[in-house]
Amino acid sequence: MTRQTSVAMTVAVEEALMARLVRPDGQEDLCLATYRPSTGAIRSTALIREVIPPQPGERHVHGNATITADYILRGAAVAEEDGCGLVVLHSHPGGHGWQSMSGPDRDCESSYANLVRELTGLPLVGMTLASGNRTWSARHWDLGVGRDVDCTHCANVRVIGDRLAVSWNDAVCPAPRSTSSQVRTVSAWGDECQADLARRRVLVVGAGSVGLDVAIRLAASGLCHLTILDFDLVEERNLDRLVGARRRDARLRRAKIHVARREARAAATAADGSIEVSDRSICEPDGLKLALDHDLIFSCVDRPWPRAVLNSLAYSDLIPVIDGGIAIDTFDDGTMRNATWRSHVVRPGRPCMACNGQLDMGSVTADRQGLFEDPSYIAGAGQAVVPAGQNVAPLSISVAASLLAQYVSFSVAPADFGEPGPLQYALSTHQLDRLDCSSRSHCSVELDEGVGNRRVELTGRHEPAEQKRMLAESVGPTTRLRRWVDDLLRSANCFLDRI
Ligand SMILES: [Zn+2]
């Protein structure tokens, strides 16, 4: 797959940059900022951290704006001291859409690219703000050396606030054409919004009862780049809530991602969409690297360790995570007392999962040590510590719906309202509450905002994932033959669907 570059920042950083770049007198202006790299499997993202305001005489404004070598040198020194790279930004007053570089823009950035990379050890990042409709464009000067230095134009620039605002580079990531099966979807939010949503790289972590349904509905809505991550297998005991999985899938020891890809492909409406799957765990380094290639993540897992990894990267790598879950309470006699489900967008500006009460950090270590697989530990710890994993098909759809409603608010911002904050629904009284959660002072997860590759290392060897992958592979020749026949029949069915 082609290597990509990107830029991400919080809305607070964007406002600080706008204050420098948008002038009341309508002239062009410029400034410098620092960034930290976040490196995924195929995408490198610059996470913008702080503005380095110009000092008097360090830039000249004369309709256009000119930067001085002194400003660049000071900026590079500041960046290097903070372990960061350097961003040079300028505005195109009144401009609309992704900006191509003018000759002078290119000359300016290329003339400093070698020097900045030499001083900071990281490529110079150039950015342009089209202030007419607040569109950013960006490039990483990461190609060639000396006179041959060149840039990779970014696929997008992402700004994370109560909504995810994405500026797209049509040359790298063209707007997909909408299809005849998307007419009703487009009529809900318009062509422009559909072109934005369809291009976002979205990852669903966990293809269980909630994640499978989320993935299918995202595919149906026309997403072109959907990835599903899960290492688990379909078992007979999953069939009461894994809607879409068949008895045959359990018998053939199919991976959940096999079912998720099959069902999501069947539901997909994008003309040229891709539904990728991976049997890695988000707790493994490869799983995390893959996650870093995405613009938005759905967390459909209930174990503390994977949720801790996702909780961390929402802040460290500025990739918002839509998380939620269900708890079903029973009376002592086994009858149902209540069910509650929660949903929230985890991102800078909102409390993390540890602060909003959805993640017990103390249990992360136990999960990581494999104690949740140990019956004697589970017997001693009880349900308060070990996730019970209870769910039922009639309610898992409500959990998926609450996550998807958060997604629509966060992505579409109906009537200019972004995501609503943490929500909780109680089934017994049928009451929806907005939860008043706040961050703990000095929350270490939230303080790591935008650190990128310097994030706290939470991944490692994940034995349950390794065992499940081995189990999926260790089938006999008869099961392999049955799988092959099953795939053949399904392919034939898909073919018949298309003609
Ligand atoms: Zn927190």
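At 2% relative accessibility, Asp-29 counts as buried, being under the 20% cut-off. This comes from a predicted model, and Asp-29 is a handy place to start, since its side chain meets that of Arg-59 in a salt bridge with an N to O distance of 2.7 Å. Arg-59 sits in strand E4 (residues 59–62) while Asp-29 sits in the loop between helix H1 (11–21) and strand E2 (30–39), so the bridge ties together parts that are 30 residues apart in sequence. The two partners are not equally covered: Arg-59 comes out at 23% relative accessibility and therefore counts as partly exposed, whereas Asp-29 is buried.

A second pair looks much like this one on paper. Arg-74 and Glu-58 form a salt bridge, with the closest N and O atoms 2.7 Å apart. Here Arg-74 belongs to helix H2 (residues 69–81) and Glu-58 to the loop between E3 and E4, so parts 16 residues apart in sequence get tied together. Again the arginine is partly exposed, Arg-74 having a relative accessible area of 22%, and again the acid is buried, with Glu-58 at 8% relative accessibility.

The pairing of Asp-295 with Arg-43 spans a longer stretch of chain. Their side chains meet in a salt bridge at 2.6 Å, N to O. Asp-295 lies in the loop between helix H9 (285–291) and strand E15 (296–299), Arg-43 lies in strand E3 (residues 43–52), and the two are 252 residues apart, so this is a link between distant parts of the chain. Both Asp-295 and Arg-43 are buried.

Salt bridges don't just come in isolated pairs, either. Asp-232, Glu-235, Arg-237, Lys-256 and Lys-468 are joined into one network by bridges that share partners. Altogether, the count comes to 35 salt bridges.

Zooming out, the protein splits into domain 1 (4–168) and domain 2 (180–471). Their centres, taken over C-alpha atoms, are separated by 33 Å. On the domain 1 side 25 residues take part in the contact, and on the domain 2 side 31 residues do. About 2400 Å² is buried between the two domains, with carbon and sulfur atoms giving 50% of that area. Which residues of domain 1 carry the biggest share? Arg-163, Leu-164 and Trp-168 supply 27% of the area that domain 1 buries against domain 2, more than any other three residues. Charge pairing turns up here as well, with 3 salt bridges across the interface of domain 1 and domain 2. Arg-163 also has a salt bridge of its own, to Asp-416, where the closest N and O atoms are 2.7 Å apart.

That leaves the metal. The zinc ion is coordinated by the SG atoms of Cys-352, Cys-355 and Cys-443 together with an OE atom of Glu-446, at distances of 2.1 to 2.3 Å. The angles subtended by the 4 donor atoms run from 102 to 115 degrees, which makes the arrangement tetrahedral. For reference, the ideal angle for four tetrahedral donors is 109.5 degrees. Along the sequence, the donor residues follow the spacing C-x2-C-x87-C-x2-E. Across the gap in this pattern, Cys-355, in the loop between strand E17 (336–346) and helix H11 (361–368), is linked to Cys-443, in the loop between strand E19 (431–434) and helix H14 (444–447), 88 residues away. Cys-355 and Cys-443 are both buried.

Technical notes
Residues are numbered from 1 along each chain as its sequence is written. This is a predicted model: local features need pLDDT of at least 70, side-chain atom pairs count only at pLDDT 80 or more; totals for chains, interfaces and linings use all residues. Side-chain values use heavy atoms; hydrogens and water are left out. Donors are N, O and S atoms within 2.8 Å of the metal (3.2 Å for Na, K and Ca); water is not among the atoms, so sites may look incomplete. Four donors count as tetrahedral if all angles lie between 85 and 135 degrees; four count as square planar and six as octahedral if opposite donors are over 155 degrees apart and all others between 65 and 115; anything else is irregular. Helices (H or I, at least four residues) and strands (E, at least two) are DSSP runs, numbered from the N terminus. Buried means under 20% relative accessible area, exposed over 50%, partly exposed in between (1.4 Å probe, protein chains only). Domain bounds come from an automatic or database domain assignment. Contact means heavy atoms within 4.5 Å. Buried area is the accessible area (1.4 Å probe) that two parts lose on being put together, summed over both. A salt bridge is a side-chain nitrogen of Lys or Arg within 4 Å of a carboxyl oxygen of Asp or Glu.
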